[in-house]
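Here are some short exercises to help you find your way around a new structure. Try each task yourself before you read its solution.

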Amino acid sequence: MSATSTSNRALVLGKGKSGEAAARELRRRGFDVEFAEDFALVVASPGVHVKSELELGCEELKRRGWRLLAVTGSKGKSSVVKAVADAINLSGGRAVACGNFGLPVSDLVGEPPGWAIVEVSSFMLETTALAPDTFEAAAILNIQEDHLDRHGSVGVYRTLKLRLLACAKSGLTGEEVREDSAEAALLSGSYFDNAILRANGIIAARLMRAAGLDDAAIARAFAAFEPLPHRFQRVAEFGGVECIDDSKATSLAALAAGLEMAGSRVRLIAGGLAKGDDPKSVLAHLTKRAKKVYLIGHCAEVFFAAWSDAVDCEICGTMQKAVESAMRDAEKGDKILLSPGTASFDQFKSFGQRGDVFAELVKKEGQKKT
């Protein structure tokens, strides 16, 4: 799509960071840009060319000599993107994390070429159609129930995710990964060296290889990796009670993973704005790992109805009440885990703010106990 003498107007839907980045790139190409916001639904006729910011940016980066890797999946995307970008930079190359995590892709236009490590969401894939050789390699980490409030069914969600592989010279999926893969040894002692994250780590290693890194460089990168905030982050410990911020767990599948990583004796804070996934899907994990669940947010009563027959549950409503109750009940050896299994927008601006509030509250309550 390019500006012409007869039509040089472009409409950008939404004014988030991706929309603003798309507008900057379109203006650079000579378009007059208008914005439209606050629509629940947009219907485009076949005569209107619809293109995502992701597509706009990737096409231009390829033209300018960038090399691109892509990652999608239901959980763990941002950590894998960061791990790959960090590894390339640590080895002396140049890489930028972008897309759904980091900068919008279009904001890299004009910077010196390097590796763009692109996190791709299912929302982005709804309106993206890229050439088959856009990405040197693309990976689908996992596909679990998520965003069903948007996509309607797991089948539609899976179909969207699979679109990414058609845009890459080679594709990787978590379903192909085996824990005895040669790359597993490279993860030793790292954030990814556990049963829940090992498959994601192996895929990250294979993407690092696609960027030309050898095994020694990959092992060094995993040893140096610092996880992102709000991804199973230990934020406090008081009287032998460990407090863990896993606010990025915005789906029930991610909540289940958080429980498994925590082990046993978990006092779980969960709830928020549900995405349509079935709360009963995590019952086995709750009965195995949770001593008690403290429910907050919009879906507290729904989760209570689904879980309370199997595990002790308390409807707390707010994060403050949940933290106060969990800290009151906790005994030495317990873990207080914020792993909500939901979006945050009913009570918070973002999952980050939700995690920050949790960390502040556990520290405040912990000081009262010491």
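**Exercise 1.** Find how many disulfides the whole structure holds, and work out why Cys 58 is not in one.

*Solution.* Start with the search: in this predicted model, the whole structure gives zero disulfides. Next, take Cys 58. The closest cysteine sulfur belongs to Cys 98 and lies 6.9 Å away. A disulfide needs two cysteine sulfur atoms within 2.5 Å, so the sulfur of Cys 58 is too far away for a bond. Then try Cys 316: the nearest cysteine sulfur, in Cys 313, is 10 Å away, and Cys 316 is in no disulfide.

**Exercise 2.** Decide whether Cys 58 and Cys 316 are buried or exposed.

*Solution.* Buried means under 20% relative accessible area. Cys 58 has 0% relative accessibility, so this residue is buried. Cys 316 has 11%, and therefore counts as buried too.

**Exercise 3.** Describe the surroundings of helix H2.

*Solution.* First locate H2 at residues 53–63; eight of its eleven residues are buried. Cys 58 is one of these, and others include Leu 54, Leu 56 and Leu 61. Now look for their partners: the buried residues pack against helices H1 (17–28) and H4 (122–125), and against strands E3 (67–72) and E5 (115–119). Finally, step just past the end of H2, where Gly 65 has a positive phi of about 95°.

**Exercise 4.** Place Val 42 and say which surface patch it helps make.

*Solution.* Val 42 sits in the loop between strand E2 (32–36) and H2. Its relative accessibility is 46%, so Val 42 is partly exposed. Together with Leu 11, Leu 13 and Phe 39, Val 42 makes a nonpolar surface patch of about 420 Å².

Key:
Residues are numbered from 1 along each chain as its sequence is written. This is a predicted model: local features need pLDDT of at least 70, side-chain atom pairs count only at pLDDT 80 or more; totals for chains, interfaces and linings use all residues. Side-chain values use heavy atoms; hydrogens and water are left out. Buried means under 20% relative accessible area, exposed over 50%, partly exposed in between (1.4 Å probe, protein chains only). Helices (H or I, at least four residues) and strands (E, at least two) are DSSP runs, numbered from the N terminus. Contact means heavy atoms within 4.5 Å. Patches are made of residues with over 30% relative accessible area and no salt bridge: like charges are joined within 9 Å, nonpolar side chains (Val, Leu, Ile, Met, Phe, Trp, Tyr) within 5 Å. Accessible areas come from the Shrake-Rupley method with a 1.4 Å probe; for residues, only the protein chains shown count as cover. A salt bridge is a side-chain nitrogen of Lys or Arg within 4 Å of a carboxyl oxygen of Asp or Glu.
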